[in-house]
Amino acid sequence: MKMRLASALILNSGFRIRRGIYSGVTKTLLCRRNACSRTERGWLKPVGFDTGVTAYNSLTKQKEPLILSQEKIATWYSCGPTVYDHAHLGHACSYVRFDILQRILSRLFGINVIHVMVITDIDDKIIQRSLEENISPIILARMHEEEFKKDMLALRVLPPVVYMRVTENIPQIIAFIERIIGNGHAYVTSQGNVYFNTQSVSHRYGKLVNLGESAGEQDSYILGVQDKVNSRDFALWKASKPFEPHWESPWGQGRPGWHIECSTIASSVFGHQLDIHSGGIDLAFPHHENEIAQSEAYHHCEQWGNYFLHSGHLHLKGSVEKMSKSLKNYVTIKDFLASYTANEFRLFCLLTKYRSAIDYSDASMNEAQSTLSTISAFFHNARAYMQGHMHCQPIEEGLLWERLSNTQTSVHKMLADDFDTPKAMDAIMSLIYLGNCQLQPATKVDGPRSPAVFGAMLSYVMEMMSVFGVDLLDKTEVQDSSGVLNNVVEELVHFRSEVRKFALSVEDQAPQESQTGNKNQKRHQQPDRLHLPLLKACDALRNNLAPLGVHIKDRGTNSTWEITRKAEMRKK
C-alpha cells in the first residue's frame, strides 16, 4: 500500500535523538570496503571561490574560510520539520538564525544561496500521533505542514527554493539504499530491515562528534528487534508493521529510516558535493553524522558536505534543558506572535551568536524591544530634524560622517567573521546613540543645519536592518490602522476646538494685561488660570491617543507624533 503524506511543521533542531544497543543479527550482505580513499577524519579544504567570509565548521571545530564550489553560488541543505505537531519557539529560533545568515551572504556578499529543505512527512511520531488522534497520517502531516509555512511567513523567514517531501521521493530513497548495499556498506536482515554498517567506515565514522565507546542509535520503531550487527548501526529501511504506511521494496514492504531521507534528497538536487548543511546542534549526532556516513558511502567520495553549521539551543531562562515538546516547556510560535512581533524576535536572535545557546525570558525580550524602540526613536527624531520639525544646536557633522564610515567598515568585517551579529548590532547601536546625542531639542538655534548626514545614517541603518530581515517600514504591526486614524481625527478636531476657544479669549485679554501691569493683581493672574485648561487638554490628548497606538512627543515648543503597535498588544 503506497501512501503519500504531507509536509511541514517547524523543527528547529530536531525532535529525535535515540540511543541504544542491539546485538545478534542475521545478515545477508556485509562488507568492510571503505567509501573513501582517505584513512583519517581530517577536513579537506575545498577548492573554488573564496567568499571572504569565515564560518565555524562543526567538522573542524574552528572557523574556516568559506570556499564555494562555484563562484557566487552556495548550495545549502537544511533539515526541515517533522510534521506531527505545532511548531514552537525553539524551532523558530534556529530557522530565523539561519535565515539571517543566508540574508547576510546574499545581500552583503552577493552570494546566490540555493536552499533546499526537506519535509519529514513519514515518521514514527507522525504515525503515533495519527493513531492517538484517530486521523489519517496524510491529513495530520498536511495540516502541520501548512501551519509551519504560515509560521515561517509570519516570522519573515525566506522560503527555500524548494520544499522536498520524503513521501514523494520513495523510489529515489530505495535506489539510494540499493547502491549503498552494493558498495558494501549496508546489510539486510531476515526480518526485512536494512542497516548501515558503521564498522565498514569505522575509521571515518565520528566526523562531527567524538563517539569514544558510546552506544549507538536506538531506533524506537524496532525496539525489541535484535537484528543489528553493531550497536552503532542505524536503519536505512524499516520493515512494515500492521496498519502503518508502507511501500514495496526489494526487501519487502516497509518505509525509510530517518537519516536516509536527507542524504537521498540532498544528493538528488546537489549531487556528490554540498557546500553548506545546517541544523540545530542536537542534530549533529546521530542525524548529521549518519548522513555523512551514508552519503560518502553512496558517492564513494572523500568529503560530501564541506561545511556543517549548527545553531545553539533555545532555553527557558534558568533551565538547562532546551525548549522541547517532550519536556512540555515550550511556547508555540502562534502564541508568541500574539504577544510580540516578528521584528522583536529577530532582534532577540540578532543579539546573540547563532551558534550559542540563548535564554528566552521576559528580560531578554525586553532587551530586544528596547533595542528596536531605540532604533525606531532615532528614525523618528532624525526624520523630524530633516523635515525641520525639530530644532537643535549645530550638529558635529564631521564627527557623524566619520563614525558612519567607520561603522560601515567594521560591521562588514564583523559579519564576515562567522556572521557575528551581536558585535555588528553593537556597532550599529553605537552609531545610533551618537546620532541621538546630537539630536537634542533646542528652543533657540544658531548656525547651519546638517540634514544630509542624518539622511545617510538613516539609509545605512535601514539597509542593514533589511539585510537582517527587520522591516522598519512594516505597517502590518500597526493594528487596526483605519480605526486608529478615525480616532485620531476625532480627537484632534475636538482638541482644536478647545485650543481655538481659549486662544480667542486670551487674545482679547492680553492687551489689557500688558497695560495694567501689576496694578490689577486679579487680572494679572487670569492668564495663568486660563492656561490651565490648555495644558490639561494637551495632556488628555496625549494620554488618550497612546492606547490607540499614537504617541505624541513634546520637543520644546514643537511636538511630533508617530503611530506604533498598541502597547496592550505586547502583553498577554
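Modeller: Before we look at two packed helices, a definition: a helix axis is a line fitted to C-alpha atoms over the stretch in contact, and the angle between two axes runs from 0 to 180 degrees between their N-to-C directions. Please keep in mind that this is a predicted model.

Colleague: Thanks! How do α5 and α6 pack, in angle and axis distance?

Modeller: Helix α5 (residues 260–270) and helix α6 (residues 284–299) meet at about 50°, and their axes are 8 Å apart.

Colleague: Why is α5 called oblique to α6?

Modeller: Angles under 35 degrees count as roughly parallel, over 145 as roughly antiparallel and 65 to 115 as roughly perpendicular, with the rest oblique. An angle of about 50° falls in none of the named ranges, so α5 is oblique to α6. Their crossing is right-handed.

Colleague: What makes up the contact of α5 with α6, by class?

Modeller: There are 2 nonpolar, 6 polar and 1 charged residues. From α5 come I260, C262, S263 and S267, and from α6 come H287, E291, Q294, S295 and H299. Glu counts as charged, so E291 is the charged one.

Colleague: And why is α1 called oblique to α10?

Modeller: Helix α1 (residues 89–109) and helix α10 (residues 397–416) pack at about 135°, with axes 11 Å apart. Roughly antiparallel would need over 145 degrees, and roughly perpendicular ends at 115, so α1 counts as oblique to α10. The crossing here is left-handed.

Colleague: Which residues make that contact?

Modeller: I104, L108 and F109 of α1 touch H412, L415 and A416 of α10. By class this gives 5 nonpolar, 1 polar and no charged residues. His is not on the nonpolar or charged list, so H412 is the polar one.

Colleague: What makes a set of residues a nonpolar core?

Modeller: Its members are buried residues of the nonpolar kinds, joined through side-chain atoms within 4.5 Å. The largest core here has 134 residues, and F345, Y360, F454 and F468 touch the most other members. Helix α1 supplies the largest share of this core, 11 residues.

Colleague: Which residues does F454 contact, beyond its sequence neighbours within four places?

Modeller: Among them are F378, A382, Y385, M386 and I395. There is also a second, separate core of 5 residues, including F495, L541, L545 and V550.

Colleague: How much of the protein chain counts as buried?

Modeller: Buried means under 20% relative accessible area, and 53% of the 572 residues count as such. The chain has 14 helices and 15 strands in its secondary structure.

Key: Residues are numbered from 1 along each chain as its sequence is written. This is a predicted model: local features need pLDDT of at least 70, side-chain atom pairs count only at pLDDT 80 or more; totals for chains, interfaces and linings use all residues. Side-chain values use heavy atoms; hydrogens and water are left out. Helices (H or I, at least four residues) and strands (E, at least two) are DSSP runs, numbered from the N terminus. A crossing is left-handed if the near helix is turned anticlockwise from the far one by less than a right angle, and right-handed if clockwise. Contact means heavy atoms within 4.5 Å. Buried means under 20% relative accessible area, exposed over 50%, partly exposed in between (1.4 Å probe, protein chains only).
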